[in-house]
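Colleague: Please take a close look at one part for me: the charged and polar side chains, and the places where they sit. I would like one connected account, with every cut-off spelled out along the way.

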Amino acid sequence: MNLYFRLLLLRLRTRRARPLSLWGEARTPFRVTLTDLDPLRHVNNGKYLSMLDLGRMDLMLRSGFWQSLTDRGWYPVVGAQTITYKRSLTLGQRFELVTRVLGVDERAAYMEQTFLRRGAVVARAVVQARFLRTSGGTVPAAELLDALGGAPDDRELPAWVHDWAGAVRISSTGA
């Protein structure tokens, strides 16, 4: 329920927020609530993943990309993600989630999402997203980039992202 409440707040906030470029960064504010906590009284690791969804939604809504996706009958899905935790978040603390697109390759789009509290890194995630058609099938990278108006010249996907994507890929045989 907490996720739906946060999604509603996000939708209301994005209507008033200044637009941004999909190639910029979205800074999404949060506050730790009671339902975010695990028995040890810090944010549950699964809650971080749910908040990552909201950060990506914030970026797509404020950049206008969400509307472009839905107009084309496309939707994003997470193909892989890795998160590293550095500090804990506890009840009542304010923090922000910074979301930015790292780049696109022939298979997917990649984002980096960083949780910050008072400027200090709490956790960082790398997320691989693929885009699917509601009618079935995957949206090719060239078509995705065309819908985006291309990628900025300075936005080359880092080599370590290619390495990470290859390392976490599950083959079609399931091995």
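**Charged and polar side chains**

Modeller: Let's begin with R118, which counts as exposed at 78% relative accessibility (buried means under 20% relative accessible area, exposed over 50%, partly exposed in between, with a 1.4 Å probe and protein chains only). Please keep in mind that this is a predicted model, so local features need a pLDDT of at least 70 and side-chain atom pairs count only at pLDDT 80 or more, while totals for chains, interfaces and linings use all residues. Residues are numbered from 1 along each chain as its sequence is written, and side-chain values use heavy atoms, with hydrogens and water left out.

R118 belongs to the loop between strand 4 and strand 5 (helices, H or I with at least four residues, and strands, E with at least two, are DSSP runs numbered from the N terminus). Its backbone is worth a look as well: phi of R118 is near 55 degrees, a positive value in a residue other than glycine. As background, most residues other than glycine have a negative phi.

R41 also has a positive phi without being glycine, with a value near 70 degrees. You will find R41 in the loop between strand 1 and helix 2. R41 is exposed too, and its relative accessible area is 61%.

The loop between strand 1 and helix 2 also holds D38, and here R41 comes up again. D38 is buried yet has no salt bridge (a salt bridge is a side-chain nitrogen of Lys or Arg within 4 Å of a carboxyl oxygen of Asp or Glu). The nearest side chain of opposite charge to D38 is that of R41, and the distance is 8.1 Å (Lys and Arg count as positive and Asp and Glu as negative; His and the chain ends are not counted). What D38 does have is a backbone partner: a polar atom of the D38 side chain lies 2.9 Å from the backbone nitrogen of L40.

Another buried side chain with a polar partner is found in strand 3, the place of T99. T99 counts as buried, at 0% relative accessibility. Its side chain is joined to the side chain of Q113 by a polar contact of 2.9 Å (a pair of N or O atoms within 3.5 Å; within protein, one must be able to donate a hydrogen and the other to accept it, and residues adjacent in sequence count only if both atoms are side-chain atoms).

Now for the charged pairs. Side chains of opposite charge can pair when their charged atoms come close, and this structure holds 8 salt bridges. I will take you through three of them.

Strand 3 comes back with R100, whose side chain meets that of E112 in a salt bridge, 3.1 Å from N to O. E112 lies in strand 4 and R100 in strand 3, so this pair ties together parts that are 12 residues apart in sequence. The two partners fall on opposite sides of the burial cut-off: E112 counts as buried, at 15% relative accessibility, whereas R100 is partly exposed, with a relative accessible area of 30%.

The next salt bridge joins the side chains of R133 and E143, at 2.7 Å from N to O. This pair links distant parts of the chain, with R133 in strand 5 and E143 in helix 4, 10 residues apart. R133 counts as partly exposed, at 22% relative accessibility, and E143 is also partly exposed, at 31%.

The third salt bridge brings together the side chains of E25 and R27, with 3.0 Å from N to O. E25 is partly exposed, with a relative accessible area of 36%, and R27, at 40% relative accessibility, counts as partly exposed as well. E25 and R27 do not stand alone, though: together with E96 they are linked in a network of salt bridges.

If you open the model to check, here is a handy route. Start with the positive phi of R118 and that of R41, move on to D38, buried and without a salt bridge, and then to the contact between T99 and Q113. Finish with the network of E25, R27 and E96.
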